[in-house]
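This briefing is for a reader who is meeting the structure for the first time. Please look at the sequence and the model before reading on.

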Amino acid sequence: MVRALLFGLVAGAVLLPGALSVADAAPKRFGPFVVDSDQPSVIRLDGQIGALDQFSFDDARDAAPNARTLMLDSPGGNLIIALGIADRLLQSDFKTVIPQNSVCLSACAFLFLAGREREVEGRLGVHQVASTDSGDFAFAQAALSRVARFLQKADTNPEILAIMLATPADQMHIFDRDEITRFGLDRGGRSPGPVERPTPQPEEQRPQPKQQPEAPVLTAAAEAAFRACAEVAASPFDAARPAGVAGVGNDQIDASRAIPACQKALDLAPGDARVESMLGRSLQRAGRDQEAVAMFRKAAEQQNAFGEYSLGLSYAYGRGVGTDNDEAARWYRLAADRGYVEAQYNLAIFYANGTGVPQDGAAAADWYRRAAEQGYPAAQSNLGLMLAYGTGVPKDEAAAARWYKLAVDQGYSNAQYGLGLLYHTGAGVPKNDVEALRLFRLAAEQEDTTAQYQLGLMYATGDGVPKDPKQAERWYRRSAAKGYSLAQYALGYMFKAGGDAPKNDAEGLRFLRLAADQGYAPAQYYLGNIFLTGDGVAKDQTEAVRWYRKAAEQGDDKARDILQRLGKL
């Protein structure tokens, strides 16, 4: 009855001059964005973010030019489009709100984090940008790089990125009220009081990355040519490539297609540093190194990060220019300061090894951390290694495990081995030989020689697995075949000693020589014993002394003692 009366009243109502019609009062929908005429200061996101919804957001803003609040209720959607909308929000004065009983998950979270003021009443959730199941690691890493830069621009707590990277793509981390407060996710608005942020760590106090120059305004033809060039020549880590272009690895560049495509783009947009750097990359792939360097230098002189990085790489490897590590470090630093992840990683290696810069473990760890925060797996693994052993940073095996895990999630074999070692020893994580064995196998199947050796050692000694000499020999041989001296020594010892494996003096001697020729002191000492005692060979004190001296030169005290007793020091 009430509904009928209300309907009758509406149907029979007389519109006064200037009053809104029913059609005018109805919400206007632009894709998932909704504008209500009775709330001109509000735009609502109601649904999934699709491939064209950056335009939808623009249309909604045109329909509600006075809107300053974005209400969010979305399961997520297209990451690249969401980041584009979020960048626009950062430049505006919007407040972002997740109302009670609403959700803002996955890609939607970036829109929320872009708010000048933020309010969470519903559920906010994040997870990994991409799963390694897709197999497109280049796209995943490039997307992670963009995400990390956005989070930095949005002044978010670094722990949010760590949580995101640690949450599998098929799961969702929903922030609880304690995390919302602790990470400063509520900002302004209804916040119950000042948000207590954790004491900033040194990396949080770093200056913001230097921005690259604004991209030039291109004609439609030049824009199409730029995109065509990027599709065949852009690096997956180059932020200047067009949206939706994943980039290609160096080995995937078809120079016969890339060079003419990029030359055409440069002809239509002379001096465009983005195109110059991609043309340089294509020329280098074709072996035209001097022409490539000329292009990289033109781009670098315009402060193009990829051009700076590529010029540094050319100096480091002497491609098109003379090898000059000082110049390589200088150009790496310029690109690294602009947030270019590969330059940050290479600069970290330079600091770790003292190449082109003074050796500095703390600086190496800092640059590894910057690259690791952008999702670069090699940097995550190397940072884990430094934390595990206390190199350049205070030893922190639990933190090492966290960084290793992030790289493991991207299938990085060095991290699989490093994390396996922590589980095997119970350092930083609860001891778990089943997990250690799984991780060692993952790395070993990717031909990681240290993991192959470690598996052989576990099977040979029965450490965490049932003793199995055949499995031990199998894994030792795979590692030894790639020149790993410890595996060669282990095989030599196994065949000489016999016991669990059939004794084979000839094979034992062969593998011991392989390890000794690589400078492995225990193998050199063992060979000295063999020739001194005539174990499976004719006695030969001269040959024994030769091997003892090699071992003693590397600090082997036992070899030195025998030489002293023989009067051969």
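The points below cover two sheets, three helix pairs and a salt bridge.

This is a predicted model, in which local features need pLDDT of at least 70, side-chain atom pairs count only at pLDDT 80 or more, and totals for chains, interfaces and linings use all residues. Residues are numbered from 1 along each chain as its sequence is written, and side-chain values use heavy atoms, with hydrogens and water left out. Helices (H or I, at least four residues) and strands (E, at least two) are DSSP runs, numbered from the N terminus.

**The six-strand sheet**

- Strands of a sheet pair through backbone hydrogen bonds, either parallel or antiparallel; here two strands pair if DSSP finds at least two bridges between them.
- Six strands make up an open sheet in the order 1-2-3-4-5-7, and their pairing is mixed.
- At the edges are strand 1 (28–30) and strand 7 (117–120), each of which pairs on one side only.
- On average, neighbouring strands of this sheet are turned by 20 degrees against each other, direction ignored.
- Strand 5 (residues 95–98) runs parallel to strand 7 and is joined to strand 7 by four bridges.
- Within that pair, Ile 98 is opposite Val 120 of strand 7.
- Helix 3 (residues 53–63) packs on the sheet and touches strand 1, strand 2 (33–35) and strand 3 (42–46); the direction of helix 3 makes about 10 degrees with that of strand 2.

**The three-strand sheet**

- Another open sheet has three strands in the order 6-8-9, again with mixed pairing.
- Its edge strands are strand 6 (103–105) and strand 9 (173–174), which each pair on one side only.
- Strand 6 pairs with strand 8 in the parallel sense over three bridges, and Val 103 has Arg 123 in strand 8 as its bridge partner.
- Strand 8 (residues 123–126) pairs with strand 9 in the antiparallel sense over two bridges.
- In strand 9, His 173 stands opposite Val 126, and Ile 174 stands opposite Gly 125.

**Helices 11 and 12**

- Two packed helices are described by the angle between their axes and the distance between the axes.
- Axes are lines fitted to C-alpha atoms, for helices over the stretch in contact, and angles run from 0 to 180 degrees between N-to-C directions.
- Helix 11 (residues 273–285) and helix 12 (residues 289–300) cross at roughly 160 degrees, and their axes come within 8 Å.
- The two helices are therefore roughly antiparallel (angles under 35 degrees count as roughly parallel, over 145 as roughly antiparallel, 65 to 115 as roughly perpendicular and the rest as oblique).
- Their crossing is left-handed, meaning that the near helix is turned anticlockwise from the far one by less than a right angle.
- Contact means heavy atoms within 4.5 Å; the residues of helix 11 that meet helix 12 include Leu 279, Arg 281 and Leu 283, while those of helix 12 include Met 295, Phe 296 and Lys 298.
- The residues of this contact divide into seven nonpolar, three polar and five charged (Ala, Val, Leu, Ile, Met, Phe, Trp, Tyr, Cys and Pro count as nonpolar, Asp, Glu, Lys and Arg as charged, and the others, Gly among them, as polar).

**Helices 13 and 14**

- Helix 13 (residues 305–317) packs with helix 14 (residues 325–337) at an angle of about 160 degrees, the axes being 7 Å apart.
- This pair is therefore roughly antiparallel.
- Helix 13 passes helix 14 in a left-handed crossing.
- Among the residues in contact are Tyr 309 and Leu 313 of helix 13, and Trp 331 and Tyr 332 of helix 14.
- By class, the contact has 11 nonpolar, two polar and two charged residues.

**Helices 19 and 20**

- Helix 19 (residues 413–425) and helix 20 (residues 433–445) have axes 8 Å apart and pack at an angle of about 160 degrees.
- Helix 19 is therefore roughly antiparallel to helix 20, and the crossing is left-handed.
- Residues that meet include Tyr 417 and Leu 421 in helix 19 and Leu 439 and Phe 440 in helix 20.
- This contact has nine nonpolar, four polar and two charged residues.

**Salt bridges**

- The structure holds 30 salt bridges (a side-chain nitrogen of Lys or Arg within 4 Å of a carboxyl oxygen of Asp or Glu).
- One of them joins the side chains of Arg 338 and Glu 308, at 2.9 Å from N to O.
- That pair links distant parts of the chain, 30 residues apart: Arg 338 lies in the loop between helix 14 and helix 15 (341–353), and Glu 308 lies in helix 13.
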